[in-house]
Amino acid sequence: MQQLTIFMDIESSRSYIDELYSSEPSKTLEALVTLKNSVIGSNRQKSSVIQQGIVPRLLQLMSDETLDPNIRLEATITIGSLAKGTAENVSSLVEQGAASALVELLRTVTLGTKLVEASLCALRSIFLHPPAPVTALPVDMRLLSKLTQIAREGSPTARTCVVRILSIWCGGPVEQEALCAAGACGAAAALLASRTSPPPARALPALDLLAAMCFENTSVSQVALNTRHGDKTIPELLTFLVSRDKPLPVAMGAARCLTFMHRAGALPPDDNRVVFGALPCLARLCTKDMPEDIRATAAETLAYLAEVDTSLQRLAAISNHLMSSLADIVNCPSAAAKQGAFKCFASLGANDEDIRKKIIETHGLMVHVVNGMNNPEPTVRLAAVRCLHSLSRSVQQLRTTFQDHAVWKPLMQLLNDSPGTELLTVGSSTLCNLLLEFSPAKEPMLDQGAVEMLCNLTKRPEAALRLNGIWALMNMAFQAEQKVKQRILSCLGTEQMFRLLGDSDTRVIMKTLGLLRNLLSTRQHIDAIMSEYSSQVMQAVIVVLEGSYPAEVKEQALCILGNIGDGEKAKDLIMANEDVLRKLVDYLAHPESKLQEAALFVANNLVWRGEAGAAARQARLAELGVLRALKLLYARQDAAHLHDKYVRTHTHAHTYTHAELSVLRALKLLYARQDAAHLHDKVTTALAQFNEFT
């Protein structure tokens, strides 16, 4: 029945549609007016006109500079009306080139004409339907300068239209920099300036544009910081707009802009416009008497504002009963509200144990977190896991609240259910905390296949996932039972371990060595593991010691050798490897004190008196030069004595000659090496084990 109605409408309008193709301008204009009037307010008529294939003719009439300006205007208005139809209508217009044609029209049309306004209205209507055809608007400085000029000097409608278009178009650093260079900051400031308060219809697009330009862009935010309109800078204009008497969407938009400028580095965390402007405004907009959509946006924005700064987290936590407001937002039905609340809880609890305790004590929160991880909306699940990750940094909560609510169950279920990369990254970061040795969740998670899942993570192409996988395995292996360690080694495999030691991310290499170090702890475990994996472990250590790795990586490899040297039988594997022993001598003479100390740890475990075979090991090490290297270390300046001498000199001297100042500077350099005395003691301890030396 509907198809028949559309057919009848098309047929009844056939006469004026035909006139669109007339060679007589007057008939064409009359047909355009009739067509325009027929589609206004009727999505059905819009659809029928598009289906009839009239759009290309309208675009032709709109773009032809030789035609009567009124014809071009009416054609443009009609396109704009069609763009206010359904999403399918807009998609069809974009496919037929309407957005590109409107942009080309804006290149050539004279400023201040009705055609400019009509084309901007039409383009805005198209851009408001996601996904916006942003590629239709190129990064063309001449065109962008023209558009920002309209934003400053055009009619009220043209100004709001062009700013809305640009706010949607600004999706990354290239667009941000181009708009900034074209003067968009000044245009936004002009729209925000007012003796009383700018009307929301004018202010909101300008605030959205400013936020889009400043987001994660330091240089643009710095320009915005210094941009003035009249006697006020943009931050001053924004601070005026966050006050209680302003419309809620305007206050929200202004607080977002201040937030983005702060996070981009233009405003420090202790700036009054952040501390007394953005933060209290966002906390107020989270309260129960605000509309749900405002509360959702405010919570998410506040989460971003306080995400990395402990002082802002502490201030927010005591602002306007925020904890109870967020707990209430979690109960809201919309996914956006739940997501915003969880993100805000996550940010507030990121660094401060007292805040985490306050969050945990919020009535029913952990139940909401567990429910959030089971929510059908992916964004809510991700935000709930972020909240859990933040709270999992608390040792106390790992032992109590997390165990009471068995949070590991829904988390493991999520991670085993083919999650997206972002959720997998946050979730596996949470696992790293849940698998610490004091966490009661460790044992049941092992039973649920945590080892296998984490080993698979180490094979992922994403560095963050490889890091989380190996980090969690390292935590799992710490003070673990031998069967757990064997399970990790068996599942991970030595080939994969070697691949991880060659990873492009140094952090992955460090955690892989940390895993090996944790596996090779406790004498029984060391001997058992080395009896099965000795060649692979020794090869891994040699690869690192011979490779071009940073000092902290080589230090970990030496510490693994030290652990092996603590084994009852495993130390013989080191003694049988002359290559390793010669490297030990080299590292005892290394200029890096941390490597010297790690090498001393190895030497001490190998020569310790009272253990079976100690005398033979001492003789072998002395033969290879270990004793000589230790004596050279011992013969160096008495670091502790020089340290004390400097303290006395520095305390009692008041005025110095030039020569004395030189000596004082040298003493200060020695004093700066606070590890020197500590290292000296370790050398003494190692030498004391050698029978020959004593």
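Arg 487 is partly exposed, with a relative accessible area of 32%. In this predicted model, its side chain meets that of Glu 452 in a salt bridge, with N and O 3.3 Å apart. Glu 452 sits in helix H31, residues 450-457, and Arg 487 in helix H33, residues 482-492, so the pair ties together parts that are 35 residues apart in sequence. Glu 452 is also partly exposed, at 31% relative accessible area.

That pair belongs to a wider set. The structure holds 27 salt bridges. One of them joins Arg 460 to Glu 462, where the closest N and O atoms are 3.2 Å apart. Arg 460 counts as partly exposed, at 27% relative accessibility. Glu 462 counts as partly exposed too, at 24%.

Another salt bridge links the side chains of Arg 273 and Asp 271, at 2.9 Å from N to O. Here the two partners fall into separate exposure classes. Arg 273 is partly exposed, with a relative accessible area of 24%. Asp 271 is buried, because its relative accessible area is 13% and the cut-off for buried is under 20%.

Salt bridges can also link up into a network. Arg 523, Asp 566, Lys 571 and Glu 611 are connected in this way.

Now turn from charged side chains to nonpolar ones. In soluble globular proteins, nonpolar side chains tend to be buried together. The largest nonpolar core in this model has 238 residues. The residues with the most contacts inside this core are Leu 120, Leu 147, Leu 238, Leu 515, Leu 561 and Ile 564. Helix H36, residues 523-546, gives the most to the core, with 11 residues.

Leu 120 makes a good place to look at this packing. Which residues does Leu 120 contact, leaving aside its neighbours within four places in sequence? They are Leu 106, Leu 147, Ile 150, Ala 158, Cys 161, Val 162 and Ile 165. Leu 147 thus appears twice: as a contact of Leu 120, and among the residues with the most contacts inside the core.

Helix H36 also holds Val 543. At 34% relative accessibility, Val 543 counts as partly exposed. Compare its position with that of Cys 121. The two residues are 422 places apart in sequence, and their C-alpha atoms are 66 Å apart in space.

Next comes the largest pocket. Its volume is about 800 Å³. The pocket is lined by 34 residues, and the closest to its centre are Glu 300, Thr 301, Ala 303, Tyr 304 and Lys 343. Several helices give two or more residues to the lining: H11 (156-169), H14 (200-214), H17 (248-263), H19 (292-306), H22 (335-348), H25 (378-391) and H29 (421-434). Which helix gives the largest share of the lining? It is H19, with 7 residues.

The loops hold some backbone details worth a look. The peptide bond from Pro 130 to Pro 131 is cis, with omega near -5°. Pro 131 lies in the loop between helix H9 (114-127) and helix H10 (141-153).

Further along, the loop between helix H20 (310-317) and helix H21 (322-330) contains Asn 320. Asn 320 is not a glycine, yet its phi is positive, at about 50°. His 321 is in the loop between H20 and H21 as well. Its phi is near 50°, again a positive value in a residue other than glycine. Are these two residues buried, partly exposed or exposed? Asn 320 counts as partly exposed, at 33% relative accessibility. His 321 counts as exposed, at 63%.

Finally, consider the annotated repeats. An unreviewed UniProt entry lists "repeat: ARM" at residues 53-97 and 97-126. In the model, residues 53-97 are 71% helix and 0% strand. The C-alpha atoms at the ends of this span are 13 Å apart. Residues 97-126 are 80% helix and 0% strand. Their end C-alpha atoms lie 11 Å apart.

Methods: Residues are numbered from 1 along each chain as its sequence is written. This is a predicted model: local features need pLDDT of at least 70, side-chain atom pairs count only at pLDDT 80 or more; totals for chains, interfaces and linings use all residues. Side-chain values use heavy atoms; hydrogens and water are left out. UniProt positions are given in the numbering used here, feature names are shortened, and annotations may be inferred rather than shown by experiment. Helices (H or I, at least four residues) and strands (E, at least two) are DSSP runs, numbered from the N terminus. A salt bridge is a side-chain nitrogen of Lys or Arg within 4 Å of a carboxyl oxygen of Asp or Glu. Buried means under 20% relative accessible area, exposed over 50%, partly exposed in between (1.4 Å probe, protein chains only). A nonpolar core is a set of buried Ala, Val, Leu, Ile, Met, Phe, Trp, Tyr and Cys residues joined through side-chain atoms within 4.5 Å. Contact means heavy atoms within 4.5 Å. On a 1 Å grid over the protein atoms alone, a cavity is a set of points where a 1.4 Å probe fits but cannot get out, and a pocket is an open set with protein on both sides within 12 Å along at least five of seven lines; lining residues have an atom within 4 Å of a point. Grid points are joined across faces, edges and corners, and a volume is the space filled by probe spheres set on the points.
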